[in-house]
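Work through the exercises below with the model open. Try each task before reading its solution.

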Amino acid sequence: MAKGKAASVFYCQNCGYESAKWMGQCPGCREWNTFVEEAVPVLKGKSTSRHLSQSPGLPVSLQEISLDDEDRLTTHSGELDRVLGGGLVRGSLTLVGGDPGIGKSTLLLQVCRMLAQDKRDVLYVSGEESLKQIKLRANRIGKFNESLKLLCETSLGTIEETIRRMKPDVVVIDSIQTMYQENISSAPGSISQVREATSVLLQLAKGMNISVFIVGHVTKEGTVAGPRVLEHMVDTVLYFEGDRHASYRILRGVKNRFGSTNEIGVFEMASEGLKEVANPSEFMLSGKPEHASGSIVVCSMEGTRPMLVEIQALVCHSSFGIPRRQTTGTDFNRVNLLIAVLEKRLGIQMGGCDAYVNIAGGIKIQEPAIDLGIVMALVSSFKNKCIDDRMIAFGEVGLSGEVRGVNMVQARVQEAGKLGFTSCVIPKVCMDAVKDVSGIRVIGVGSVADAIGLL
Ligand code: TYD
Ligand code: MG
């Protein structure tokens, strides 16, 4: 580099890809226009070696480490505890990501309230809202006690000092994109700032055994670093998703060093904060039309919990040369593939038709077990024949038109029985795995043709 020229580097604000020169498209995540120039962080002052344990440089054997029940705190929210893998681990760093306005601050304030009621010292640091604004939100949620302390601050130095003095059990940082470290020249929200702030918090969490929650906004503009660039640094990554127009929210574990990542938590946004939804299936099926073609209920496993959701398909004559295909909540390519299977194996010609597939309620499902439901919904709409309202279907569809086995069949059938469904179309190979469920007729199908025959 030429002498006298300040060192700078370009970062993709979406995934953190580093480059010496500006690029239009990020080779890492394929997003456009996400590169922003940042000065190479020069840390002034004393060395910044980081220690994650209380006694640096002293190796210990596994036997010497003792665990006690106190290492997991309950948040008194069954749904959140489940996603966290059975409670909040002491000294853990949890990232809560999600679109702005989805309810991250509300959820964490509620968690703070429950923890404070357990006599835990909780510090809620907000860089976005004033104390009055937080108070207004808190008034909607309920009564708070003394153990919760609020701090409106964006300077990381001050926050670190406060944490060291106060020694709380739990800290919430809302949001990481507003925090800044004085000795880094780039603006708050840039990759260098966000990473540095997280690493300071990581050190505090591990060194002082504090559970830290970090809020990260998912951003579209690309000028502010998204939470994805922090995923590798933290212990647990939770994403809050859901349709902004629908009232329910889903908290999904994407990474968890202390538990399974398949679990989801379902909440409903009410006028007094987020409420847990005890029976998501019932919630998802509310509003399902009766005697409508192109609609079927499927059962998808979300972690260890079966969930019934409605799949809707609309197949109609296309007035364009290239028919439109559109999916909401499921994989676009998967639906195209299933349409191709229908054409080739069953001779159902949808080539001249527009096809729309929608998972009702705005939830996203990637599990292949919903294939059979998608296929049946498509054919039902194409032939304009209703599917029995009391029937559910699940199974993976292969390229030869065969229906392949899925896991946890018994749990899925039981869930259907619980909600009053009377028949269940399942893969033939799974028939042995189902024990009698009262009031439910189980129908095994070996191929898509068998399943279509039931319409
Ligand atoms: P918020 O937690 O501020 O979102 P985030 O921190 O993720 O940006 O959520 C704000 C939304 O939630 C806002 O649209 C209002 C709504 N809300 C309710 O419907 N009920 C409530 O009790 C509260 C506190 C918020
Ligand atoms: Mg917020």
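Contact means heavy atoms within 4.5 Å. Helices (H or I, at least four residues) and strands (E, at least two) are DSSP runs, numbered from the N terminus. Axes are lines fitted to C-alpha atoms, for helices over the stretch in contact, and angles run from 0 to 180 degrees between N-to-C directions.

This is a predicted model: local features need pLDDT of at least 70, side-chain atom pairs count only at pLDDT 80 or more, and totals for chains, interfaces and linings use all residues. Residues are numbered from 1 along each chain as its sequence is written, chains are lettered from A and ligands numbered from 1 in the order in which they are written, and side-chain values use heavy atoms, with hydrogens and water left out.

**Exercise 1. The helix across the sheet**

Find the strands that helix 9 lies across, and its angle to strand 16.

Solution. Start at helix 9, residues 409–418. It lies across strand 15 (295–302), strand 16, strand 19 (391–393), strand 22 (423–427) and strand 23. Its angle to strand 16 is about 75°.

**Exercise 2. The sheet itself**

Give the strand order and name the edges.

Solution. Two strands pair if DSSP finds at least two bridges between them. The open sheet has 7 strands in the order 17-18-16-15-19-22-23, with mixed pairing. Strand 17 (325–328) and strand 23 (441–445) are the edges, each pairing on one side only. Neighbouring strands are turned by 25° against each other on average, direction ignored.

Next, take one pair. Strand 16 (residues 305–317) runs antiparallel to strand 18 (residues 353–359) over 7 bridges. Within strand 18, Ile359 stands opposite Ile311.

Last, add helix 7 (residues 332–346). It packs on the sheet and touches strand 17 and strand 18. Its direction makes about 130° with that of strand 17.

**Exercise 3. Backbone exceptions**

Locate the cis peptide bond and two residues with positive phi.

Solution. Most residues other than glycine have a negative phi, and most peptide bonds are trans. The bond from Asp174 to Ser175 is cis, with omega near -5°. Ser175 sits in the loop between strand 9 (170–174) and helix 5 (191–208).

Asn33 has a phi of about 55°. Its loop joins strand 2 (18–19) and strand 3. Lys119 has a phi of about 65°, in the loop between helix 2 (104–117) and strand 7 (122–126).

Are these two buried or exposed? Buried means under 20% relative accessible area, exposed over 50%, partly exposed in between (1.4 Å probe, protein chains only). Asn33 is at 54%, so it counts as exposed. Lys119 is at 66%, so it is exposed.
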